[in-house]
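Biologist: Could you take me closely through the ligand site, and then set it against the annotated parts of the chain and any unusual backbone geometry? I would like one connected account rather than a list.

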Amino acid sequence: MSLTELRSPAGSALLTLAAGLVDGDQLKAVEALRATGAGAELAGEALTQATLRAKAVAKFGPDAGQMFFTRAGLEQATRLTVADRRAARLAAAGVRTIADLGCGIGADARAFARAGITVYAVEADPGTAEIAAANTAGLPVTVEHRDAQSVDLTAFDAVFCDPARRAGNRRVFDPRSYSPPWDFIESLTRRPAVIKLGPGIDHALLPGTAEAEWVSVGGEVVEAALWCDRLAEVPRRATVLPGDTGRSSGRGDGTPGGAAQLTGGGTREAEVGPTRAFVYDPDGAVIRSHLVAELADTLGANIADPTIAYLYADEVRATRFARAYRIDLVLPFSLKRLRSTLRERGVGRLTIKKRGSALEPESLRKQLRLDGPNEATVILTRVAGAPVTLLCQPADVS
Ligand SMILES: C[S@@+](CC[C@H](N)C(=O)[O-])C[C@H]1O[C@@H](n2cnc3c(N)ncnc32)[C@H](O)[C@@H]1O
């Protein structure tokens, strides 16, 4: 990519023009860009950058309009709210210098630097390193095209590593396929380090001395992060962030615009009991961090099957860690019975949720032949091992 050309005043004007053309016909857009005197290659690159910037707004908000991307770099980059929170926590822990090992397009490096941390970032791919340098221009960040494993880490307060979790265009889930490799990542866990991992990481691979944090944004679990050595505060943490691209409003404040955090040991089992008037569907970050028992305590709730993370309680409480539903009916699972119940209640629009059921919601929906003006939610699950259907309505908790 001719990044230098795109960063020149003429390139900048071309990118502004391209931004207004991304939604239209691509050939016409290239023609319009070429009409400014730009060569075919530069016009194509400006359009690609403008397209990636438009896509990146979901992760970076208005900052996206000033940044440069590769397709893979954007997909792998940490979104702004998550990177900002990580950086704020590191700064609060007294970290002033950090080595970012595999910095990608530099999303985390930008956040560290903006939090007042001086960053030394390395990246194995030369084009991506060039982009990271552009994205961190003017900030206290040095980017080098270099292998992460060759960096002398002794001089840094902390280390950050967000390994590539993909082979070619495919995502990889096995940490042994991460790059830099897992044995190198494991060696980092013995120093003050933060390691970003896939949310599905096997708990058995996590060192007992580290804090493992799962982060969700708008209900979607986006990452796990290992906080190592003196940066670990608790064994397990679930951090729940709202699903917007605005900046986070501080640490652990629990306010609607900020983050809500649940912490604990991650080893307890929630108490098993009957179904009750309300059911809570915990956020994925709570489930992944094995903090369902801790959440149950805060809600006065129990599970109804030892293997399933739905929580049941007599009253509903406001929580950022779960969605609550009022249970109208608990039925042993029977297609016939469910169909007739929904008919009687005139349910034409149905939300189907499930945990611990092999049924396919869409094929069930067809078989139910829904008809009527009303709306409902059914939860397909098990209670003490037996398949049941919970007929519910979202509970309004204010
Ligand atoms: C998941 S991305 C980092 C994303 C970054 N944290 C961000 O938010 O923009 C991982 C990066 O590590 C780089 N990488 C993989 N192995 C590396 C190695 N051995 N040395 C340096 N960089 C490496 C990849 O090229 C990729 O750009």
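Modeller: In this predicted model, a convenient place to begin is the backbone of Ala107, where a polar atom lies 3.1 Å from an oxygen atom of the ligand. Two further backbone contacts involve nitrogen on the ligand side: a polar backbone atom of Ala124 is 3.0 Å from a ligand nitrogen atom, and a polar backbone atom of Ala148 is 2.8 Å from a nitrogen atom of the ligand. Considered on its own, the ligand would expose 610 Å², and the protein buries 92% of that area.

The ligand sits in the largest pocket, and the shell around it can be described by residue class as 9 nonpolar, 6 polar and 5 charged residues. That shell comprises 20 residues, of which Thr78, Glu123, Ala148, Asp162 and Ser179 come nearest to the ligand. Ala148 therefore appears in two descriptions, as one of the nearest residues and as the partner of a ligand nitrogen through its backbone, where nearness is judged between heavy atoms within 4 Å.

Turning to the record, UniProt, in an unreviewed entry, places a feature named "domain: Methyltransferase" at residues 98-161. In the model, the C-alpha atoms at the two ends of residues 98-161 are 10 Å apart, and the span is 28% helix and 30% strand. The unreviewed entry also places a feature named "domain: THUMP-like" at residues 322-394; for that span the end C-alpha atoms lie 12 Å apart, with 25% helix and 52% strand.

The backbone geometry leads back to the ligand site, since Ser179, one of the residues that come nearest to the ligand, is joined to Pro180 by a cis peptide bond with omega near 0°. Pro180 itself belongs to the loop that runs between β6 (170-171) and α9 (182-188). A second point of interest is Asp229, a residue other than glycine whose phi is positive, near 55°; Asp229 lies in the loop between β9 (220-227) and β10 (236-241). Both merit a careful look, because most residues other than glycine have a negative phi and most peptide bonds are trans.

Conventions: Residues numbered from 1 in each chain as written. Predicted model: local features only at pLDDT ≥ 70, side-chain atom pairs only at ≥ 80, totals over all residues. Heavy atoms only, no water. Polar contact = N/O pair within 3.5 Å; in protein donor to acceptor, adjacent residues only side chain to side chain. Areas by Shrake-Rupley, 256 points an atom, 1.4 Å probe, with all protein chains shown as cover. 1 Å grid on protein atoms, 1.4 Å probe; cavity = no way out; pocket = protein on both sides within 12 Å on 5 of 7 lines; lining within 4 Å. Sits in = over half its atoms within 2 Å of the grid points. Nonpolar A, V, L, I, M, F, W, Y, C, P; charged D, E, K, R; others polar. UniProt positions renumbered as here; feature names shortened; annotations may be inferred. Helix = DSSP H or I, 4+ residues; strand = E, 2+ residues; numbered from the N terminus.
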